[in-house]
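Let's take a walk through this fold together, one piece at a time. Have the model open and turn it as you read.

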Amino acid sequence: MTKTVFLINFRNQRDMYPPFGIMYVADALMQIGCEVRIWHETEDGLETFVKEVARVRPLWVGFSTITGPQLKPTIEATKRVKALNIPTVWGGVHATIMPADVLREAYVDFVIVNEGEQTAQEFTHALQNGQAWETIRGLAWKNSDGRVVTNPERPFIQNLDDFTPRWDLVADIPAYFLQSGPYDKAIPVYISRGCPFRCGFCYNEVVMKRTWRQHSDEFIVRQINWLRDTYGVNAVDYADDYLFGRIKQMQRLIEKVHMPWSGQVRVQLLKPEFVQWMQQTGCQWVNIGAESGSQAVLDSINKDQKAEWIVWGMRNLAEYAPHIEANLSFILGLPAEEKLERRETFRVIAEVARINQKARCSVAIYMPYPDTPLWPDALARGYVPPATQEGWTEFDIHKGNTPWVDTRQGEVMSDVCNILFVGRSQGHWLLAPYYALLRWRWRHDFFHFYAEGWLKDQIFRSLRRSDTLRRLGNRALRRVVNFNDNTHKRKPGEAIA
């Protein structure tokens, strides 16, 4: 019997982060003697992947899942692998939140719930030796009658150092380099798991249950030093769900690593003395889950944050560390949000942009997740979850996902916000009417009849018809529009168009 296992994470075109989940599971499987191949592909790589599965015929194939459009190639590839009579296993956040729903699909054989390292080891042993599934904690499966069985949860891994992300299995590590301020070889790393906060919309409340664990300092420093010495990494993106689970210890670790850095913070941390420390230790940018400018909405989601802290924190950054880029994410369409609350969020976003030139504010449209604290409220308000996994592929944080947010209006809100407050663009005087209309829409929360957006899309489509037109359009765009394209979400040297 083969000892080879294939693990794949289908990504979108803009995904800059390595597939850490399957990198860790790969290490766990290699510890028990398996040969593991990691795939991190866009939809374009589906055919090549399936052909390789058919050629090698691995023991099983694991799919890392995330809700939304990235499920489309995952579903198609799973169906193709299932047709080859090879066991199909789903894991990741999406499958963890709804294992029973996933297993109602004929093409999925097993779900590994939550952390996959130890469950994958025991599952592989059972598969190789023909053993029963009942005793494997963290596994969901189907019995002989087709009934879904979800085994008891597996306790969280206590010592994260027991497993290491297998960078050596990743095909092209420099492909994950990010621009971080002036540093062109920043690399994302994960050093912890979980988040101690209780935000009602977040999967962490369900999956990690408000726990927070971290690798040892020695493990973290050794990994980062290896990436620096092997690949010339010159900055670190701490990509954790929340970086400062223990504030003082994390500050000491950043000082010990002694490299330019970035990561997730909460606005209440941004006191003058903390911002000054960020500047002294080489912080280049921070991600901030601001969520809403309305205190009523923040309270409804248990954010444990004051709305005024958002502007206060951005003012402190602008005063004490003006080079640091702040990326603030807001959520529109939360259940408690009415028209007035949404306008308050729009006002806060505009105010943040006014006082801090390095602040970028993006909006996402609320997407209900099963068993999160807000889930019952969403159902009570008329939300009906998809009946199949294909239905979950239609979810998109840039569209309306609930009955109370119109899909098209969600798209327009996202587009206007991206232009004004993410790209922070300003146009030539010829474009003054266009920008004035966008700002008017934002102030008045009016996103119907988006004619200027339709015209913009038509122009861009025409420019994509040939390489020559694309080059000419890109050159013209840079002449008539001034924007800041130095963002960690873009690969070094990538053209904005």
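What follows goes through the sheets, then the helices that pack on them or on each other, and ends with a single residue.

Keep in mind from the start that this is a predicted model.

Start with the sheet that holds strand 1 (residues 4-10). It's an open sheet of seven strands, and if you read across it the order is 2-1-3-4-5-6-7, with mixed pairing. At the two edges sit strand 2 (residues 35-41) and strand 7, each of which pairs on one side only. Going from one strand to its neighbour, the average turn is 20°, if you ignore direction. Now look for helix 2, which covers residues 46-56. Helix 2 lies across strand 1, strand 2 and strand 3 (residues 60-64), and its direction makes about 170° with that of strand 1.

Next, slide along to the strand 7 end of that order. Strand 5 (residues 110-112) and strand 6 (residues 139-142) run antiparallel, joined by two bridges. Here I112 faces L139 of strand 6. On the other pairing, strand 6 runs antiparallel to strand 7 (residues 148-150), this time with three bridges. You can pick out W141 opposite V149, and K142 has V148 of strand 7 as its bridge partner. Strands 6 and 7 make a hairpin, with five residues between them. While you're at that turn, check G146, which has a positive phi of about 85°.

When you look along any of these strands, one general point helps: in a regular strand, side chains alternate between the two faces of the sheet.

Now for another sheet. Seven strands form it too, again as an open sheet with mixed pairing, and the order is 8-9-12-13-14-15-16. Strand 8 (residues 178-180) and strand 16 (residues 359-365) are the edges, each pairing on one side only. The average turn between neighbouring strands here is 30°, direction ignored.

What does strand 16 do at its edge of the sheet? It pairs with strand 15 (residues 325-332) in the parallel sense, over seven bridges. Two of the residue pairs to look for are L332 with I365 and I331 with A364. Is strand 16 enclosed or open to the outside? Six of its seven residues are buried, so strand 16 is largely enclosed by the rest of the structure. Helix 12 (residues 308-320) packs on this sheet and touches strand 14 (residues 283-291), strand 15 and strand 16. The direction of helix 12 makes about 165° with that of strand 15.

On to helices that pack against helices. Two packed helices are described by the angle between their axes and the distance between the axes. Take helix 1 (residues 20-31) and helix 6 (residues 117-129): their axes come within 8 Å and cross at roughly 40°. That angle makes helix 1 oblique to helix 6. The crossing is right-handed. From helix 1, the contact uses Y24, V25, A28, L29 and Q31, while helix 6 brings E117, A120, Q121 and T124. Sorted by type, the residues of this contact are five nonpolar, three polar and one charged.

Further along the chain there's another pair, helix 16 (residues 407-422) and helix 17 (residues 432-444). Their axes come within 10 Å and cross at roughly 120°. Helix 16 and helix 17 are therefore oblique to each other, and their crossing is left-handed. In the contact, M413, V416, C417, I419, L420 and F421 of helix 16 meet Y434, Y435, L438, R439 and W442 of helix 17. What kinds of residue make up this contact between helix 16 and helix 17? The split is 10 nonpolar, no polar and one charged.

Last stop: Q280, which lies in helix 10 (residues 272-280). Is Q280 buried or exposed? Its relative accessibility is 65%, and the cut-off for exposed is over 50%, so Q280 counts as exposed. To get a sense of distance, find E344 as well, 64 residues from Q280 along the chain. The C-alpha atoms of Q280 and E344 are separated by 34 Å.

Technical notes
Residues are numbered from 1 along each chain as its sequence is written. This is a predicted model: local features need pLDDT of at least 70, side-chain atom pairs count only at pLDDT 80 or more; totals for chains, interfaces and linings use all residues. Side-chain values use heavy atoms; hydrogens and water are left out. Axes are lines fitted to C-alpha atoms, for helices over the stretch in contact, and angles run from 0 to 180 degrees between N-to-C directions. Helices (H or I, at least four residues) and strands (E, at least two) are DSSP runs, numbered from the N terminus. Angles under 35 degrees count as roughly parallel, over 145 as roughly antiparallel, 65 to 115 as roughly perpendicular and the rest as oblique. A crossing is left-handed if the near helix is turned anticlockwise from the far one by less than a right angle, and right-handed if clockwise. Contact means heavy atoms within 4.5 Å. Ala, Val, Leu, Ile, Met, Phe, Trp, Tyr, Cys and Pro count as nonpolar, Asp, Glu, Lys and Arg as charged, and the others, Gly among them, as polar. Buried means under 20% relative accessible area, exposed over 50%, partly exposed in between (1.4 Å probe, protein chains only). Two strands pair if DSSP finds at least two bridges between them.
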